There are 4 protein chains.
Amino acid sequence: MKRKICVVVTARPSYSRIQTVLSAIREHPDLELQLVVAATALLEKYGSVVPDMEKEGFPVYARVYNQVEGSLPAQAVKTTGLGLIELPAILNDARPHMVVTIGDRFETLSTAIAAAYMNIPLVHIQGGEVTGSIDEKVRHAITKLADLHLVASESARTRLIRMGEDPATVFHTGCPSIDLAARLIQAPDPDFDPFQYYQGVGKRFSFPTGYLVVLQHAVPTEYTHARAHIEITLQAILETNIPTCWFWPNGDAGADDTARGIRSFREKYPGSTIHFFKNMAPLHFLKLLKNAACLVGNSSAGIRECAFLGIPAVNIGTRQQGRERARNVIDTEYDQAAISKALITQLAHGKYPQDTLYGNGDSGRKIAGILATVPLSFVKQLTY
Amino acid sequence: MKRKICVVVTARPSYSRIQTVLSAIREHPDLELQLVVAATALLEKYGSVVPDMEKEGFPVYARVYNQVEGSLPAQAVKTTGLGLIELPAILNDARPHMVVTIGDRFETLSTAIAAAYMNIPLVHIQGGEVTGSIDEKVRHAITKLADLHLVASESARTRLIRMGEDPATVFHTGCPSIDLAARLIQAPDPDFDPFQYYQGVGKRFSFPTGYLVVLQHAVPTEYTHARAHIEITLQAILETNIPTCWFWPNGDAGADDTARGIRSFREKYPGSTIHFFKNMAPLHFLKLLKNAACLVGNSSAGIRECAFLGIPAVNIGTRQQGRERARNVIDTEYDQAAISKALITQLAHGKYPQDTLYGNGDSGRKIAGILATVPLSFVKQLTY
Amino acid sequence: MKRKICVVVTARPSYSRIQTVLSAIREHPDLELQLVVAATALLEKYGSVVPDMEKEGFPVYARVYNQVEGSLPAQAVKTTGLGLIELPAILNDARPHMVVTIGDRFETLSTAIAAAYMNIPLVHIQGGEVTGSIDEKVRHAITKLADLHLVASESARTRLIRMGEDPATVFHTGCPSIDLAARLIQAPDPDFDPFQYYQGVGKRFSFPTGYLVVLQHAVPTEYTHARAHIEITLQAILETNIPTCWFWPNGDAGADDTARGIRSFREKYPGSTIHFFKNMAPLHFLKLLKNAACLVGNSSAGIRECAFLGIPAVNIGTRQQGRERARNVIDTEYDQAAISKALITQLAHGKYPQDTLYGNGDSGRKIAGILATVPLSFVKQLTY
Amino acid sequence: MKRKICVVVTARPSYSRIQTVLSAIREHPDLELQLVVAATALLEKYGSVVPDMEKEGFPVYARVYNQVEGSLPAQAVKTTGLGLIELPAILNDARPHMVVTIGDRFETLSTAIAAAYMNIPLVHIQGGEVTGSIDEKVRHAITKLADLHLVASESARTRLIRMGEDPATVFHTGCPSIDLAARLIQAPDPDFDPFQYYQGVGKRFSFPTGYLVVLQHAVPTEYTHARAHIEITLQAILETNIPTCWFWPNGDAGADDTARGIRSFREKYPGSTIHFFKNMAPLHFLKLLKNAACLVGNSSAGIRECAFLGIPAVNIGTRQQGRERARNVIDTEYDQAAISKALITQLAHGKYPQDTLYGNGDSGRKIAGILATVPLSFVKQLTY
């Protein structure tokens, strides 16, 4: 009998990271994929992943519309609560051998708790890393609920073992987000024009080089400063006068203020060189990234994918604080002058050599192999 | 301004453990108590703690009726989810400086997540211990969401620091459940007759000595065996023919089967020497324990309070597996002969000397002192 | 293509009433049954209907564990809310052509709202009747959400049309609860011994005649008086000294107090002639009823099934106030003397002639026929 | 003791309608206002009413963030469910003498059910009217849960009595939405410039006359056609080339498609004469309406407020089907030519005489008077 692997995807970036794992599960003779889509991953406002999944041929097993509207911390709590109320019926119906959860978004604690309480072995991808924000608490809490850990780096593995996880349950597989980047490098698409696929709003410019990419999300533990933070970055980018692809924030606490800052900026500077996109399919985003002069903001893409692609990154604020990084990243405070200075340094430097710190492109396959063979267990204990 | 300390109590045993902390917070000049009662702690079936709280003069700030009926794992998930949906409004209204959660019951993850996501410093009492069952996962997950750890033993402190908690946030205060036991020893009540206060059902017998106390809960990670497990213990006790006070199980997954086993036993053996109680006020329970010949089952009381009181305990199965224990405990499998043998050994041995492994009676006061003075923070990071 | 008929059963008595409809749907060549079981209908405490359904060969399409524990009005509200949160996923998956809801229990408003808001034609069985308690509000509210009305009596039909329902959507089918009674009369089982099938608790006595049956539920709109109400009836029955089969109350607001009154009575009068049952399978209950000397309490069975079976009924209080009744019913206040007096009158009178006020035994078949052919619509408007 | 009146406002238009009632309750010596704000009324996306309430000096008693994101019917069901889960704690805390609910929005059934099940007298404002869409079912279902009915017209009163409501509980007070309009007429503000208060997007034009106002919401019972419907209206308005103030749709099922249609139109016709607004404060909206040449769409404002103000209205589709109307309304299908034709007729006609069909401006005061004196009851029965 095939092992049924239930993967719960709750946000677009999680789908980007897990896509090659989904393919590898589907193609593995001993595995069967049960794909559950939830929260913002279902909502067009945040770029529903369902059309992309359908394009890739991944059937959706169940949908959980649990996003409570609004970007206050209370809504994050309730969204997690609604997830817990809806997941048991799905898991009772699916009866998976394992449940897979990805990363450290707040609502993924629903997945972890539901699996743990229902005695289903829980697999966590991307545990053992260190960052700022609420993600740091969420990530390690999920580790403690998880029975199997598939980590992106050797230092993540070391950390989990120090945290008392049984070494036999911690596998260094690399981060599957690198798989797509590796695939892209092997088969580049020189003609990708984002304006053609994704309209976005703002001034258009000619590709394929000499532009910035910005992704800056609200930080839930600092959500009352979200507007100030985004305005600083907007001003810094405005002054460079460089063509820029700017992405809309995710749904974390504070997002409404981030969005408000962007909208207000757009009205004030209708002639700026910034073009705003809601989101892109995973491979399209990587194509955009691959030719960018620099990534700016606080997305983990600056640290993961950009390390592999050799793209310079300016990382702002606390969100990625502590995450292991390659030489492509310069960190700055929420400070316009500091951001400008870091950006100038990166533009002057240009591309970095590839760094495989987060994997070398075969994580999906490795992960599927482990899922197919690892002993199944839902009972664990601290090792000390 | 006083610090507002919001304590969320979700079950009767948690109230027993925290009672002296509540008193100490109330009496501290710099602290204000906000007491939230939730889940089974509100339901008469499980012995609502509200009348006891009122008797002790603790006003209830808010009530969360979030217990979903039934004893399947799915209901544990949903109960946790309902808690998450209701707590934000309460915390938004109370605006506490800290939220306190106790122990490792499944539904306490609601409290931990709500506080963490709402940027309120989270205090965890009784972290760092090691056990079996789902409690083990829950306890360490809460640790990873908590900002302040008030632990019962030195080894618990060591473990939390190894797990990457900042040593400055981990305090060895002892377990407040010992406070009540210490108070009891100083002022014993020789005339306590449980039949007078709590009717219960079954044969009555004369106190105050020569009886057993049994507490055996279903183990959620083994909930499909709950009936078999309780029947084994019932048979073992039946054969001793010793007067016995037996307590009803809590609401964990499997509880319905435990209850069914007990009901069926009662019908089959109406003349047995076992008397069944639903629950008792914390101090009454300790009085009962203090004069018992032996505690049998899988309650942590056998390991905590009995260590301090010197009462022999026979601990059955995996629920307390790994929890640090004094010499008063003999562990056995779910096996009638093994339980009988352990019981005979304990009855022959009689009382043990006091062991202060879990505290010496001043935890409540220590905890209040720390809550009043510790720096407030809701941002943390793994120390390695 | 067959019409998919989704029937949502939320309580044991609703299953009793709908059982012949389920059979008729299953056997109809143009219909397909999707059976959803929810709320107390899933819980053993209230007599889960699932084993009975399995025995009858009705496969369960989905289960909704939405009962929030406790018997305060707040829990009734939340149980309804949880139902609303869980039903959409089920209806999205089932894609029924019609949703069927039965009667007037509070939690059935979940079913009605979910179907109405999701543009699925809603069928209501047993609308148009008049009673007391919250049921009266619930029943008529469901009528206003329903697209098709299958009513038990001609006067119910008249009422619905006066209320502004389109006459073309109101069908007088009789009450399917009568179908089972009719079937029973045709094929009686002289040897049914309830003690053999259902242990219950209390004194046993010899069947088959000369006994009372009591069903008295808490009345949500008077729930603070539930204990007083049940005690009055218990005393009245105690004094008769007649063998009695007494059924446990349902989960309505106040039920805990009703149960407490019964438990307290049992302790005080261990030698009474009352035997307490949790519940029975629909046909077994009718067998019991058929030979009873009198039904006492506030169940609609006294008014529906007893009218057909000719069993005298003493109906107490406001719960059935206004419901159309045959000559077999004597109404009384919550008053011990009044109940005793009515009971004496009924025992002196003995059996009544059959009254087909609520149907003559072919409702199930009629209902299935209508479901198979009626035009499907989810848009309606008041007729005036 | 003052009667505590809990008013639950769940959407901006409901606030507009109830505003004078809130004032009248606040000013009444025997009444105390408890204002609960919920659902889209809290969200900036839909124009949070909280700032307006604060400006008017209405303190908010509690906030219920229960809007589940997305515009599918399932989300409407869940939003209602979340409301039911959160309201009991608020009502238990507030202990109002009456709960007031307004109109017929889907999520107001939460308010009605919570009050009814918790034995709190329920007051319904604007019952007894007839329309299309899901509102028609919701409105009459609320009637059946309500104990007191304050209706806008004599025919509404007649209908409720025919529906079996006790005449003693049905009061013709007029619609309080007319109060604001009456107040506006008495004290006009000639200088209101919407562009100054509310930026909106699109071309600006000079006020104060010669413009259209459009409000067209998705119709939940036809939500799959929402995009087609809005496109027809957009084209019809585009062709007139008349300056137009167009309002964003509410959050009903289908709203995402309505919004998509508008966004797509804006990209295609950046030079159109349409200016889009998210929303306006009640009085500002009325000022805008008062000088408009015609209201187009399917808002009830075309039928209520416009009747009083004498503004011509073109009412499109089924949403207002059956609602009693004055001579100022021309109804059309979802058809571009029909809309254009009706619009031309209305522009040629110009203003209509005032019609007080829905009230003459003193509803708020009347309603407060009734709330202060009417007998309190939560038990009712059909009158026939």
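1. Salt bridges between chain C and chain A: the count across this interface is 0. A salt bridge here is a side-chain nitrogen of Lys or Arg within 4 Å of a carboxyl oxygen of Asp or Glu. The side of chain C that touches chain A has 3 nonpolar residues, no polar ones and 1 charged. Nonpolar covers Ala, Val, Leu, Ile, Met, Phe, Trp, Tyr, Cys and Pro; charged covers Asp, Glu, Lys and Arg; the others, Gly among them, are polar.

2. A word on the source. This is a predicted model, in which local features need pLDDT of at least 70 and side-chain atom pairs count only at pLDDT 80 or more, while totals for chains, interfaces and linings use all residues. Residues are numbered from 1 along each chain as its sequence is written, chains are lettered from A in the order in which they are written, and side-chain values use heavy atoms, with hydrogens and water left out.

3. Back to chains C and A. In this interface 4 residues of chain C are in contact with 4 residues of chain A; contact means heavy atoms within 4.5 Å. Residue pairs in polar contact (both at pLDDT 80 or more) number 0. A polar contact is a pair of N or O atoms within 3.5 Å; within protein, one must be able to donate a hydrogen and the other to accept it, and residues adjacent in sequence count only if both atoms are side-chain atoms.

4. How much area do chain C and chain A bury between them? About 390 Å², with 65% of it on carbon and sulfur atoms. Buried area is the accessible area (1.4 Å probe) that two parts lose on being put together, summed over both.

5. Now chains D and C. They bury about 4,100 Å² between them, and 70% of that is on carbon and sulfur atoms. Tyr117(D), Lys137(D) and Tyr384(D) supply 21% of the area that chain D buries against chain C, more than any other three residues. The contact takes 46 residues from each of the two chains, D and C.

6. The rule finds 2 salt bridges across the interface of chain D and chain C. One of them joins the side chains of Asp147(C) and Lys137(D), at 2.8 Å from N to O. There are also 18 residue pairs in polar contact across this interface (both at pLDDT 80 or more).

7. Which helix of chain D gives the most to the side that touches chain C? It is α3(D), with 12 residues. Helices (H or I, at least four residues) and strands (E, at least two) are DSSP runs, numbered from the N terminus. The residues on this side of chain D divide into 27 nonpolar, 11 polar and 8 charged.

8. Look inside chain C at His275(C). This residue is found in strand β11 (residues 274–277). Is His275(C) buried or exposed? His275(C) counts as buried because its relative accessibility is 1%. Buried means under 20% relative accessible area, exposed over 50%, partly exposed in between (1.4 Å probe, protein chains only). A polar atom of the His275(C) side chain lies 2.8 Å from the backbone oxygen of Lys203(C). Val201(C) is 74 residues away from His275(C) in sequence, yet 5.8 Å away in space, C-alpha to C-alpha.

9. Disulfides: the count over all chains is 0. A disulfide is a pair of cysteine sulfur atoms within 2.5 Å. For Cys245(A), the nearest cysteine sulfur is that of Cys294(A), 13 Å away. Cys245(A) counts as buried, at 0% relative accessibility.
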